[in-house]
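Trainee: I've got this model open and I'd like a close look at one part of it. Could you pick a stretch of the chain and walk me through it, then show me how it sits in the rest?

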Amino acid sequence: MDDTAPAKVMPKASRKLPKPSGDEVNSSDKIPFTFSAPASLDELETLLRDKSATQQTLVLERIRACNHPKLAAGNRQKMANLFTFVMDYLDVAVAADSSCAALIDSFSRPLLDLCRDNVEETTQCMQERIAECRELAADSHKEAALPCLPVKMRTTLQVAGAIYSTSDFRHGVITPAIILMSQYLANCALHTNWLLHGLWICQLLLKYIHQSKRFVPELVNFLSGVVALCVADAKDTLVRLTPPFSGTTGQQRAAVFSNSGDLTSTRLLNMSIQLLHQAMGLYTTQTSFPELFAPARYYLKRVHSSSLSSEAQDSYKLLTARLAATAPTRPVMQMLKRKPRPVKLCEPSVDTRYQFARKTTAGFSFERHGAGRNQAEREMTKLKNKVKKEKKSAMRELKKDSQAIGKQMLREQMEKDATRKKKVNSIIHDLRQK
């Protein structure tokens, strides 16, 4: 089944943006009204240089308005290229200054308009970027010198969640994006930077599945693992968890927080508890809710609420109260201790003296196996066969006779009707002449 069909990938409906302030209106008057479509990333950077986020958004909107696909035949390809240039520009801007991440929200409206004008081209661009992000994430996991969360992956995931519908069951862009985030959480390295970026992925993933309430097992496992890693003792071994936290010992936990200290551990604990509370709100109606949060319930008992922030304390109280009310009571499935008894079957009744007969023209000839029948029985069988044959012949003759009689009666009735009709016509003819 192909999940990358671009023809069925539709962007979100347009959203209303807040009205600009007076200073923004005055600064927008200095921006030209007409722009030519940039042919490269350098030209786009020249147009957007030394401008605020609102002004850059306005420039992109005017570029699209001046080069709308309905105005000329080649404008559609220009707008598709503009979408690619804007995505590359966001990569460069966020890599140069991490505070420029808010620029993604400002660019969501023009990117949405460009996506609606060129659905297939923009979808293909996003799918290619997600494939590249998967390779970058795999390389960063192998080599410690690379950043744990590539900038391209960050911008791609944020833009995809802003311009595409995240509640579809199967989507050409959102489905690969969710799989990418799940793989990142499943292969996350036990390092403070990796864990912090993993929590950012969890926060973004919760926004993705807020409406659809799609079950993502890596999400709950990662948050439970972070809580377990923050509260584990030096002699503990993390149990009830799946990779990347399964089998982690307390000594490995100490190595994770050796450089950052308890401050980072407390920060991770606060964030993970708040995100766990949000995930609990999504999966409360699941039948397997007690089993899903069983690892989190096991390690939340060791958390000291006094060390948490005020927001994390509120989430911790609601989380523990809900988990205590839904403790798992169903028994775990186990193998049977003794083999099941087989069902008694009815033994077939076999006639050892059965003799089969083969029908012939002269009657029945029996192939004897053991004791045979006597002469009187064979004569009686031949007689019954002859009576049956004569009876069928007589019924056949009676049927032919009844059909012949019926045809004769029909023929006589038709002759009578024809004679009567002829007489009636002659009488009517005489009456007309008189």
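Mentor: Let's start at D50, which is exposed, with a relative accessible area of 75%. Keep in mind as we go that this is a predicted model. You'll find D50 in the loop between α2 (41-48) and α3 (53-66). Now look at its backbone: D50 isn't a glycine, yet it has a positive phi of about 60 degrees. That's worth a pause, since most residues other than glycine have a negative phi.

There's another residue to put beside it. K213 also isn't a glycine, and its phi is positive too, at about 55 degrees. K213 belongs to the loop between α10 (192-208) and α11. Its surroundings are another matter: K213 is partly exposed, with a relative accessible area of 40%, whereas D50 counts as exposed.

From K213 you can step back into α10 or on into α11. Take α10 to begin with. Its end C-alpha atoms are 24 Å apart, and that agrees with the 24 Å its 17 residues should span at 1.5 Å a residue. Most of α10 is covered, with twelve of its 17 residues buried. Among those buried residues are W194, L195, L196, L199 and I201, and further along C202, L204, L205, L206 and Y208. Not every buried position there has a big greasy name, mind you: T192 and G198 are on the list as well.

Now go the other way, into helix α11 (residues 217-231), where N221 sits. N221 is buried, with a relative accessible area of 13%, and the cut-off for that is under 20%. So what does N221 touch, once its neighbours within four places in sequence are left aside? The answer is a run further down the chain: L241, T242, P243, P244 and F245. Take T242 from that run: T242 is 21 residues from N221 in sequence, but their C-alpha atoms are 6.9 Å apart in space.

Back before α10 there's helix α9 (residues 174-186), with 13 residues. From first C-alpha to last, α9 reaches 18 Å, close to the 18 Å expected at 1.5 Å a residue. Ten of its 13 residues are buried, so α9 is largely enclosed by the rest of the structure. I174, T175, P176, A177 and I178 are among them, as are L180, M181, S182, Y184 and L185.

For a helix pair, try α4 (residues 75-96) and α6 (residues 108-117). Their axes are 10 Å apart and they pack at an angle of about 145 degrees. The crossing of α4 past α6 is left-handed. On the α4 side, R76, M79, L82, F83, V86, M87 and L90 make the contact, and they meet L111, L114 and D117 in α6. Sorted by type, the residues of that contact are eight nonpolar, two charged and no polar. If you wonder about the spacing of names along a helix, residues three or four places apart point the same way because an α-helix has 3.6 residues a turn.

Finally, zoom out. The protein has 17 helices and two strands, and 36% of its 434 residues count as buried. It exposes about 27600 Å², with carbon and sulfur atoms supplying 54% of that. Among contacts with a separation of 6 or more, 69% join residues 24 or more positions apart.

Terms used: Residues are numbered from 1 along each chain as its sequence is written. This is a predicted model: local features need pLDDT of at least 70, side-chain atom pairs count only at pLDDT 80 or more; totals for chains, interfaces and linings use all residues. Side-chain values use heavy atoms; hydrogens and water are left out. Axes are lines fitted to C-alpha atoms, for helices over the stretch in contact, and angles run from 0 to 180 degrees between N-to-C directions. Helices (H or I, at least four residues) and strands (E, at least two) are DSSP runs, numbered from the N terminus. A crossing is left-handed if the near helix is turned anticlockwise from the far one by less than a right angle, and right-handed if clockwise. Contact means heavy atoms within 4.5 Å. Ala, Val, Leu, Ile, Met, Phe, Trp, Tyr, Cys and Pro count as nonpolar, Asp, Glu, Lys and Arg as charged, and the others, Gly among them, as polar. Buried means under 20% relative accessible area, exposed over 50%, partly exposed in between (1.4 Å probe, protein chains only). Accessible areas come from the Shrake-Rupley method with a 1.4 Å probe; for residues, only the protein chains shown count as cover. The expected span of a helix is 1.5 Å times one less than its number of residues.
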